[in-house]
Amino acid sequence: MNQDDKPIDSSRRDILKGALGTGALAAGAASLPSFMFPALAQGEQLVPFTDVPDTFNVRPVRPNATHYLDTREITTYFTDNDDFYLVQHYGQPEIDNDSYRLKVTGMVDNELEFSLQDLMARDNIEQQVGFECGGNGRRLFQGLIGNARWRGVSLAKILEEAGIQDGAKEIVFFGTDTATETIRERDVEKAWARSLSVEDAMQTDNMLAFEMNGEPLPHYHGKPVRALIPGWYGVANVKWLNQIHVQDTRYMGRFMGRDYVTLKKENVGGVERWVENSVTTMNLKSSIVRVTEMGGQHKIQGFALNDGTSLESIEVKIDDGPWERAEINPRSTKYSWKLFSYDWSNATPGEHTIVSRVTDVNGNVQATQEELPEKVSYWEDFGQFPRTIRI
Ligand SMILES: Nc1nc2c(c(=O)[nH]1)N[C@H]1C(S)=C(S)[C@@H](COP(=O)(O)O)O[C@H]1N2
Ligand SMILES: [Mo]
């Protein structure tokens, strides 16, 4: 294992949590490079955002509840398993490792069944992958987000072993979690599921993960096995995975066809139309999450996420000033989040508006909210996010 891949000592995070807002001491932090998002050093303070209301409240993890981070507290490259955001729509099923089975069914030459042991015995792969919920956004100050080191096995190799038959179109991933859905006035029992086209499913980086930051996949994150589709919004990463089904029709379940569906105005061959799309790969996005001050020197920090395309730059703009390049954490990998840091010299007392934008190597630039198409619903909130602070 690469030394850089080691999760940061979780005790440091605890220190930081205790220190936030109190200006208390966090030993050793001052010697870390700025892009490490060190815990607050002696004399270092968080500068309060004026756009975060005092009533904004991040609750501790509770069973079956959505959990979001206080992004002002992002100080580690890997998110603690205990603080990594949580979204589940049908609850959090308990699965016994010994009786767990994953089936591969449908239009395959060989239907397969794996125990957890069977999966773990295959060639393992490990990747750093960060992702956000397709419903993440400014209303939660981007809290539905996390970055972790995942271990598992190749999805494509399992599908190859099963042998996808000609004419197959879609791979459906079923979770163990079920709920009663009322559809056209009828109550039906449905398992949580998402699908991918055969082509998307066969991408070599896709994995079935059973470890998160060096620990067995935690219950709330899909124990014992989840799909992990790097570069995609979190909704693709089906937790408590128990069946992979290959079929020749589109899968039209709620989380493909109705929820996690963005409605936006687009030009369709010269005609302005309202278009619906299922959320897929992550849009190019960055956001500022914290500002610190020490000895009059300010630092602006944030993250970027996208579909894995290399980045050209992340820039920061203060008030009506020019775009200035931020430093991107060099330990970033293709699918990790990219933390950035910008040294803000000579910040003047008063109210300021600060914003970041990310540009990829293909010249795509994160747009302002105003430049983006007119949109209904909060899915895919990836426009620039100006923040306000008081120095
Ligand atoms: N089985 C199952 N998998 C699921 C979900 C779910 O409700 N059930 N929610 C999805 C959504 S919308 C997101 S954003 C991610 C969140 O993963 P996390 O809770 O591990 O952060 O899980 C995805 N996988
Ligand atoms: Mo989500």
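**Figure 1. Asp166 in the loop between helix 3 and strand 6.** The loop that holds Asp166 connects helix 3 (155–162) with strand 6; helices (H or I, at least four residues) and strands (E, at least two) are DSSP runs numbered from the N terminus. This is a predicted model in which local features need pLDDT of at least 70 and side-chain atom pairs count only at pLDDT 80 or more, whereas totals for chains, interfaces and linings use all residues. Residues are numbered from 1 along each chain as its sequence is written, chains are lettered from A and ligands numbered from 1 in the order in which they are written, and side-chain values use heavy atoms, with hydrogens and water left out. Asp166 has a relative accessible area of 75% and is therefore classed as exposed (over 50%; buried means under 20%, and partly exposed lies in between, with a 1.4 Å probe and protein chains only). Glu276 follows 110 residues away along the chain, and its C-alpha atom is separated from that of Asp166 by 29 Å.

**Figure 2. Glu181 and its surroundings in strand 6.** Strand 6 spans residues 170–183 and includes Glu181. The relative accessibility of Glu181 is 11%, so this residue counts as buried. The side chain of Glu181 makes a polar contact of 2.4 Å with the side chain of Tyr90 (a pair of N or O atoms within 3.5 Å; within protein, one must be able to donate a hydrogen and the other to accept it, and residues adjacent in sequence count only if both atoms are side-chain atoms). Once neighbours within four places in sequence are set aside, Glu181 is in contact with Tyr90, Arg186, Asp187, Val188, Lys190 and Arg254, where contact means heavy atoms within 4.5 Å.

**Figure 3. His352 at the start of a view along strand 20.** His352 belongs to strand 20, which covers residues 351–360. With a relative accessible area of 7%, His352 is buried. The side chain of His352 reaches the backbone oxygen of Thr348, at 2.6 Å. Residues up to four places away in sequence not being counted, His352 touches Ile318, Asp319, Trp344, Arg387, Thr388, Ile389 and Ile391.

**Figure 4. Pro322 in the loop between strand 16 and strand 17.** The flanking elements are strand 16 (311–318) and strand 17 (324–325). Pro322 is exposed because its relative accessible area is 57%. Apart from neighbours within four places in sequence, Pro322 is in contact with Val316 and Lys317.

**Figure 5. Strand 5 and its pairing with strands 4 and 8.** Strand 5 (residues 145–154) is largely enclosed by the rest of the structure, because nine of its ten residues are buried. Strand 4 (residues 125–132) runs antiparallel to strand 5 and is joined to it by eight bridges; two strands pair if DSSP finds at least two bridges between them. Within this pairing, Asn147 of strand 5 stands opposite Gly130. Strand 8 (residues 207–212) is also antiparallel to strand 5, through five bridges, and Glu211 of strand 8 stands opposite Arg151.

**Figure 6. The hairpin of strand 2 and strand 3.** Five residues lie between the two strands of this hairpin. Strand 2 (residues 101–106) pairs with strand 3 (residues 112–115) in the antiparallel sense over four bridges. Leu102 has Phe114, in strand 3, as its bridge partner.

**Figure 7. An open sheet of three strands.** The strand order is 13-12-21, with antiparallel pairing. Strand 13 (271–278) and strand 21 (375–376) form the edges, each pairing on one side only. Two bridges link strand 12 (residues 261–268) to strand 21 in the antiparallel sense, and Val376 in strand 21 is the bridge partner of Leu263.

**Figure 8. The largest and second largest cavities.** The structure holds five cavities of 30 Å³ or more. A cavity is a set of points, on a 1 Å grid over the protein atoms alone, where a 1.4 Å probe fits but cannot get out, and lining residues have an atom within 4 Å of a point. The volume of the largest cavity is about 220 Å³. Its lining comprises 19 residues, of which Val87, Arg226, Gly234, Asn237 and Lys239 lie nearest the centre. The second largest cavity contains about 50 Å³ of space and is lined by Val58, Arg59, Pro60, Val61, Arg62, Ala65, Thr66, His67 and Tyr68.

Notes: 1 Å grid on protein atoms, 1.4 Å probe; cavity = no way out; pocket = protein on both sides within 12 Å on 5 of 7 lines; lining within 4 Å. Points joined across faces, edges and corners; volume = space filled by probe spheres on them.
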